[in-house]
Amino acid sequence: MNVRGTVAGDIEVRSVSTSYGESDLAEVPLRLDDEDGRDRGNGGNTGNGRDVGSDGDGRNVTTVTLWNKWTESARLLEPGMELLVTDAKSEEYRGEVQYATTGDSYVVVEPGFLVNVTSIRNWVECPRLYYLNKLSGVPLNYPVVKGTLVHEVFGDLLRGRDLEESIDARVEERGLELGLLGETPESVAEDVRENAAAIEGWLEQGRLTEADSWRSEQLLISETFGIRGRADAVRRGAPVELKTGKNLKKEPRFKDKVQAACYALLLEEHGGDVDTGTLLYTKNSALDRNEETGDLTPAKDFAMGDGLLKFVVRLRNEIAAMERSGDVPTGYEADAKCEYCFEQDTCMVVSGRLDQESKAGQIGQALPAEEREYFDRFYRAIEEERREVHREYAKLWEQDAEERADDDRALIDLEFVEKRPLEGGRWELRARRTGGGTSKLREGDLVLASDGHPVRGNAELARIERIGGTEPRSADASSGQRPRDDDVLLTADEPVEVTRLDVYPSELTTDRLLVALHDCLLKGDERRKDVLFGRAEPEFDLSDEEFIDNNDAQNEAVRTAVGANDCALIHGPPGTGKTYTIARAIRAMVDRGERVLLSAFTNRAVDNALEALLEQLEDGGEVGGASQTNRNGDGEAVDVVRVGSESGVREDMEPYRLERAGDPADRVAELGDAQVVAATTATCGSRVMKEQAFDVALVDEAAQLTEPGTYAAANLAGRFVLVGDHEQLPPVVRAENDLTRSLFERLVDRYPDAGVMLDRQYRMNQRIQAFASREFYDGQLRPATPAVAGRTLDDLADVSRDALPESLRDPVAFVDVEGDDGQYTDDEEAERIADLVQTYEDAGLERSKIGVIAPFRAQVSTISNRVPEDVTVDTVDRFQGSSQEVIVVSFTATGSLEGPIFEDYRRINVALTRPKRALVLVGDSNALESDPVYRRMLEWARR
């Protein structure tokens, strides 16, 4: 049986004499979980009808004895950690049921924390290397890119693609990266070809026949062992791992064995019986037998012993325990010799700068104490965020399909339609939605596509090419099936009969946050850090030039941005024209010959700002590759490039999108010659963008970015301008820690003179904007013109306020609905909102000009099922940055306001400032009056 629970006290490790000699054991007090993972209440049992003890709080605690090598994992345990013991035996001692490991047992520390296979491989080499790789990320260098290319060709060959066709296509796809590295397609293709010879030889020797079962790049997740990874290939149920280096010994390298053993564990959990593994060292085939001695055979098989598999789990436990405690490895945890390590110098520098204990030693002067404290604080915060991501992984198997769908994390009950091979060996998968549920899934998302269960079933990582009624933008559109509104189109490496899609949690954001933090503090300019840490005031060289002649605040904001030597801050409340101000500031910077990075948290904001900039730059007419040539104020050509994926970039911005595939020299010239480069802050953390340098970075939506997230863009430039509104939505994070406050907000508080607030809004009727102005902006926000102040529905063609009921003729209205006591949905509010939509339509208003905002996705779905499709219904988060003629707000609360979504008043500020001409609040007045801010809102709405 498996025993799982939470460590409930201190662990005793000791040696005892047994009939087999001296043995080590550890006695672990464990508070047992129910089968569903929850703590048991008083009177619970283990499933065999026998009682266990109690910790005095009515929760069942027993003793689990870990024998011999598993005591190494026991020493890692602390109270509160989760522990899983497989194949345990039960025994009764003094009337209490206890458990112990057997010869078949595995002991897993924090099984809900999914450790990546690559991390385990790095850890066995040196725990310090594992830590350094987290800080520095994957570098842009030729060995890394070549390794990726060889792996891609390997997968293509296994899928039946022609070798030369694969090499040509894969090298072309990496054109931009190869250009940045100064490599030519011909030399790279030859290098890849030499490595691919080992793969071809292996295939031709009959090691892989048509009768064999195999899969390429299979994603494997273990809910038992807490390990995940993508196996290069699986042959006859056994792992095959590709290495682009050489190995002249008969046996694979130990760290490579460890990697393959991880996949063996994963495959066995999925029903396999793995006793061998294969390492394919591709460089061996390129070696000259006259110059090299040893075993030049590329493929090296090895036996997958029980001892190796258990050793791998103990390694994994060390990583999980360290991540749980927040400790930093020193290198003493392993036997690696520092003098042979290619990262020794880097390790010593990082240790010295951060004043960390390291087996390699320290060099260099330590950062000031406040910077080290800041690094440690944000390192812990980012790792807390990573643990929240891992909790999302665990929900893949802890929640059933309906719970996943209700939690807006899955599309279930899909009807599989067809699978079709694509050029290059990939597959197009088509399914059909049978229900009306909503989801966070969007075109371009990477998802787990499965035949019923994302972990226990047959699942593949797939990309959504189309979801809904739009034509796919990147899939092969030559399918014989016509797209339907309920069709879902996917592409994947391997076919799967899709009946379910799950959001696939990603650590990419946390990885890049950590790298940005490292680069800012350990590589950053000292002057900038003086400003960031309050040791120096931001400096400006302000000119008297007038940039905007009809808005003093906007003009001052542009002057401040252009004249900043360090940083500038532009506070843009709703509707104040911050996008126009951004564009005017960039145009002024371009006129001065500066290279500008335009960035933002979302693709939408990047594209909106880029569109505004393009309107200000006189069109020069020529399109050169991804960049389009425009003209600045002096008539000089300005190359503009948009960096992003095809699915992320707005369709009308496609002419400016940088294509990564193609001739390396052409691709790198297009990026390097661009005077304005536009990209999200997440993209700024990519290894391609990290090779770029700018005079200034202008970052929109800065109040929605974490401090390290802002650094991803700011690190690339000599100075930076942040634009945002800290009275609207905060940074998007899961954990509650230092990441919840933006750098923008911190700097606005510290350096008020470095910022300018835009105080004239061009969106809302004066009656609508009054509450937000008073409640959030100290009464400073006002309409830009009398026309804005007095705008009503009467201004719209064929719309008459007189056709509305008296209660809806005022620009602000409140509709009191008692509600149905639901927690995340309210049918009463949904029905009333459907009536309101019909009322406005009867008054002549087009339905597409109505937006409905709800606090929960479940209520969004409830309302969506009752109103026409052309009425936009969504959450506050998705409405930020947009506007509508009429906005209806559903509060979905009865009796009282409960939950953090109501406690953050910035959310209601966003909701109330989306409409231009009419705002209708729908909710229970008793609930709203229970909070002072919402009470004041009601008083305003009822006037």
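In the predicted model, buried residues account for 57% of the 943 residues of the protein chain. The accessible surface of the chain amounts to about 38700 Å², and carbon and sulfur atoms contribute 42% of this area. The radius of gyration is 30 Å, which agrees with the value near 30 Å that a compact globule of 943 residues would have. Along the principal axes, the C-alpha atoms occupy a box of roughly 90 × 70 × 65 Å.

The protein chain contains 30 helices and 38 strands. When contacts between residues at least 6 apart in sequence are considered, 71% of them join residues at least 24 apart. The chain carries 116 positive and 184 negative charges, and the mean positions of the two sets are 2 Å apart.

An unreviewed UniProt entry lists residues 551-660 and 671-734 under "domain: DNA2/NAM7 helicase helicase". For residues 671-734, helix makes up 23% of the span and strand 31%. The C-alpha atoms at the two ends of this span lie 34 Å apart.

Two helices, α2 and α3, were examined for burial. Helix α2 covers residues 117-125, and seven of its nine residues are buried, so this helix is largely enclosed by the rest of the structure. The buried residues are V117, S119, I120, R121, N122, W123 and V124. Their packing partners include the strands β10 (115-116), β12 (227-235) and β13 (238-243). Helices also pack against the buried residues of α2, namely α3 (127-136), α8 (254-269) and α9 (306-325).

Helix α3 is likewise mostly covered, with eight of its ten residues buried. These are P127, R128, L129, Y130, Y131, L132, K134 and L135. The cover over the buried residues of α3 includes α2 and α9, together with α10 (344-354), α11 (369-398) and α13 (508-522). Helix α9 thus packs against buried residues of α2 and also helps to cover those of α3. After α3 comes G137, which has a positive phi near 75 degrees.

Positive phi values were also found outside glycine. Most residues other than glycine have a negative phi. D408, which is not a glycine, has a positive phi near 65 degrees. This residue is found in the loop that runs between α12 (401-406) and β16 (410-411). D408 has a relative accessible area of 4% and is therefore buried, the cut-off for burial being under 20%.

E701 is another residue other than glycine with a positive phi, here near 55 degrees. The loop that holds E701 lies between β29 (694-700) and α20 (707-714). The relative accessible area of E701 is 14%, so this residue is also buried.

A further loop position is S800, placed between α23 (786-789) and β34 (812-816). With a relative accessible area of 28%, S800 is partly exposed, since the partly exposed class lies between the 20% and 50% cut-offs. Apart from neighbours within four places in sequence, S800 is in contact with D794 and A843. S800 and A843 are 43 residues apart along the chain, yet their C-alpha atoms are separated by 5.9 Å.

Notes
Residues are numbered from 1 along each chain as its sequence is written. This is a predicted model: local features need pLDDT of at least 70, side-chain atom pairs count only at pLDDT 80 or more; totals for chains, interfaces and linings use all residues. Side-chain values use heavy atoms; hydrogens and water are left out. Helices (H or I, at least four residues) and strands (E, at least two) are DSSP runs, numbered from the N terminus. The radius of gyration is taken over C-alpha atoms; the globule rule is 2.2 Å times the number of residues to the power 0.38. Buried means under 20% relative accessible area, exposed over 50%, partly exposed in between (1.4 Å probe, protein chains only). Contact means heavy atoms within 4.5 Å. Accessible areas come from the Shrake-Rupley method with a 1.4 Å probe; for residues, only the protein chains shown count as cover. Lys and Arg count as positive and Asp and Glu as negative; His and the chain ends are not counted. The place of a charge is taken as NZ of Lys, CZ of Arg, CG of Asp or CD of Glu. UniProt positions are given in the numbering used here, feature names are shortened, and annotations may be inferred rather than shown by experiment.
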